[in-house]
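Hi,

I hope your week is going well. Here is the structure I promised to pass on, and my notes follow right after it.

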Amino acid sequence: MSVYRGTSIGFDTLVPKKDCICNFNKLTFRAASFKCSHNQAVQPFTSSPTIERRIVKKVGKEAHHLWKKRDSAGSGQKALNLVRIVSQCPNEKEAVYGALNKWIAWETEFPLIAAAKALRILRKRSQWKRVIQVAKWMLSKGQGATMGTYDSLLLAFDMDKRVDEAESLWNMILHTHTRSISKQLFSRMISLYDHHDLQDKVIEIFADMEELGVKPDEDTVRRVARAFQKLGQEENRKMVHKRYGCKWKYIHFKGERVRVKRDGWDEDDER
């Protein structure tokens, strides 16, 4: 049996039916295989449980632990509480230290920020004995060994007339922090000795400043020059002014602040 094979022109050629069926089966098999391979290729892009497990991010439980570091949000209230506790204590070392130890008894870490704020509050209130007690307590705990704490402690020693303790603290600072002592601490110590009329000590601290390469400020230059003058060393006074003195000064002329050049050491500046 023969059938017509279709072409673009028409059914002009006869082919056997068996060959036609075989060819048709081959075409059907190829189409099925193409469909199968197409499904296999497209299948990974469909929703898959493995892909969904990768995309979904597991959110773990937030850990709340006891030793979490605290911020400084409540440090101001803690500082006021410390000032109140210290102010109510008798002027005895054991009583003050005991109250301060109770103040930090339930703290997970030392409240350094609150203690530093309390020092500033006591300093503004001119409670120098309390400043000394709190600063010494902090240093005994190994906390607050900063230039700010040392400056407050030296000022409190100066105001409380404890020159010997100030000198002991200064020697410790000088040997421990030789290359990192700030200009402010040098000025504080020179001011302390000048306040108590210890001119030799002023010259000694000034010599340490020169050796360490720390340039004095204008107030320190004025105090050192006055110390040389009181010791009768006029040449050294002029030399200090020439080397470290400010070349300019400000005066008020016709209601305005005018900068003028200095001709020499003014007697008004020494006062």
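To begin with the outside: the protein chain has an accessible surface of about 19,000 Å², and carbon and sulfur atoms account for 54% of that. Please keep in mind that this is a predicted model.

As for burial, 32% of the chain's 271 residues count as buried. In secondary structure, the chain holds 13 helices and 4 strands. I also looked at contacts between residues at least 6 apart in sequence: 54% of them join residues at least 24 apart.

Now to the inside. The largest nonpolar core has 56 residues, and the members that touch the most others are Trp137, Trp170, Met189 and Val224. Helix 6, which covers residues 128–140, is the top contributor to this core and supplies 7 residues. Where does the core sit relative to the domains? Domain 1 (74–145) and domain 2 (161–270) both give residues to the core, so it lies between them. As general background, nonpolar side chains in soluble globular proteins tend to be buried together.

Val224 makes a handy place to start browsing. Leaving aside residues up to four places away in sequence, Val224 touches Ile190, Val202, Ile203, Phe206 and Val240.

One annotation to go with this: an unreviewed UniProt entry lists residues 182–216 as "repeat: PPR". In the model, the chain over residues 182–216 is 77% helix and 0% strand, with its end C-alpha atoms 10 Å apart.

Happy to talk it through whenever suits you.

Best wishes

Key
Residues are numbered from 1 along each chain as its sequence is written. This is a predicted model: local features need pLDDT of at least 70, side-chain atom pairs count only at pLDDT 80 or more; totals for chains, interfaces and linings use all residues. Side-chain values use heavy atoms; hydrogens and water are left out. A nonpolar core is a set of buried Ala, Val, Leu, Ile, Met, Phe, Trp, Tyr and Cys residues joined through side-chain atoms within 4.5 Å. Buried means under 20% relative accessible area, exposed over 50%, partly exposed in between (1.4 Å probe, protein chains only). Helices (H or I, at least four residues) and strands (E, at least two) are DSSP runs, numbered from the N terminus. Domain bounds come from an automatic or database domain assignment. Contact means heavy atoms within 4.5 Å. UniProt positions are given in the numbering used here, feature names are shortened, and annotations may be inferred rather than shown by experiment. Accessible areas come from the Shrake-Rupley method with a 1.4 Å probe; for residues, only the protein chains shown count as cover.
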